[in-house]
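Hello,

Here is the structure I promised to pass on to you. Please have a look at it first, and then read my notes underneath.

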Amino acid sequence: MKKPFLPSSLCTVRRGVIATTAALALTLAGCSSSDDSSSDAGSDAATKDTDGRGPITFAMGKNDTDKITPIIEAWNAEHPDEKVELKELAGEADAQRETLVQSLQAGNSDYDVMALDVVWTADFAANQWLAPLTGDLEVDTSDLLEPTVESATYNDTLYALPQNTNGQLLFRNTELADKAPEKFEDIASACEALKDDTSCLTTQLKQYEGLTVNTAGFIEGWGGSVLDDQGNVTVDSDEAKEGLQALVDAYEDGTISKDSTAATEEETNLAFTEGKTAFAINWPYMYTNAEDKGIKFEVQPLVGKDGVGVSTLGGYNNGININSENKATALDFIKFIINEENQKSFAEASFPPVLASIYDDESLVEEFPYLPALKESLENAAPRPVSPFYTAISKAVQDNAYAALTAGKSVDDATKDMKAAIEAASQG
């Protein structure tokens, strides 16, 4: 079997997830708003050169360009007058973003198409750096996984086209827990017969972005949100509190291992592949590792309060520079990336596609048996919006969730302080 989807570009995942829509940037990006004159200028640029054709450049972090290079080569062979030149950016997400922002702030067209970390998309849109995919640039997204489209949408407008994605899975050691849980409370029941030296569930609760991801997953999985669809801070709602309380209770009663507050993805991987935990929440890259270690296991989507839980999304969205002179070519190229052949090549390269039908391809399912579970996870996932204040927001979630888990801070106080910190960040 080929290796499963690795968490490539999961700088995107490890940055965390805090809401279900791009409303985050709508509410919190106030400092990114511009005056009327700059708005008019942005509108003029967006409608300029929408029929422009010719050579273009494509910017992407170097860690993942091996997946896009064959696609560029295929495009160039078919379009000798509209060739794509790959512009490799740094491997680190922050350095990639800095390079793009410097160019865009200067009004340059150095990069016609940009592979954007999903958490940047709304911010770039709010700053009027991306051509909206409307009018002459409108594109059909009906065949794509819906949450990936939401991740590329800001203020009800599509500003980028999803390229690839990723989602979490629940791994179960079938020799330690023989029945698949249907909801979260079933995990504790499945672990009742475990020996003292075996953990029930291991996940990432160390104080880093993994904690933000998993805290938000519990909040969303219990019907809450950090923000609502209008961008209001709702982390102190009854549902959000219930989700955080479920996380805290599971940690306190041992359903979630005590080791989890020191665990990243790799510690989780080791615990599961060494047979030390019955369940684990992790990215699909752990699948091959567990197989190689001879673990007998199954995978399924995460579980929440009443059924399928909520994962977060990673991946890239492809945006068109508002100053590009060849927007028509740029549009055709990003559409070319998501055709069936190229999306299948992503799957074969351990790069989760956004085209929904790929997850039902029988030949791929034979190679990657967990694909149906991953598809269900992605269909129920929360897209990852962005804000100029993302770091502060994520820190607020991390700090207060960790205090609730390890220092006895009440859930009421933790969610109240999360809300205060998020609102303070939005006010600069």
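Below is what turned up, beginning with a pair of strands and moving on to the aromatic rings.

Please keep in mind that this is a predicted model.

A good place to start is strand β1 (residues 56-61), which pairs with strand β2 (residues 84-89) in the parallel sense, over 6 bridges. To get from β1 to β2 the chain passes through helix α4 (residues 65-78), and this β-α-β crossover is right-handed. If you want one contact to find on screen, T57 has E85 in β2 as its bridge partner.

Now to the rings. How many aromatic pairs does the structure hold? The count is 16. One of them joins Y287 and F297 edge-to-face, at 4.9 Å centre to centre and with 70° between the planes. Y287 belongs to helix α12 (residues 286-292) and F297 to strand β10 (residues 297-300), so this pair ties together parts that are 10 residues apart in sequence. Are these two residues buried or exposed? Y287 has 10% relative accessibility and therefore counts as buried; F297, at 14%, counts as buried too.

F346 and F351 make another edge-to-face pair, with 5.0 Å centre to centre and 90° between the planes. Both F346 and F351 are buried.

Y287 and F297 also appear in a wider group: together with F171, F272, F368 and Y370 they form one aromatic cluster.

Finally, take a look at Y251: the charged end of K258 sits over its ring, 4.3 Å from the ring centre.

Enjoy exploring, and best wishes

Key: Residues numbered from 1 in each chain as written. Predicted model: local features only at pLDDT ≥ 70, side-chain atom pairs only at ≥ 80, totals over all residues. Heavy atoms only, no water. Pairing = 2+ DSSP bridges. Helix = DSSP H or I, 4+ residues; strand = E, 2+ residues; numbered from the N terminus. Right-handed = clockwise from strand over helix to strand, strands pointing away. Phe/Tyr/Trp six-rings, centres within 6.5 Å; stacked < 30°, edge-to-face > 60°. Buried < 20%, exposed > 50% of the residue type's maximum accessible area, 1.4 Å probe, protein only. Lys NZ or Arg CZ within 6 Å of the ring centre and 35° of its normal.
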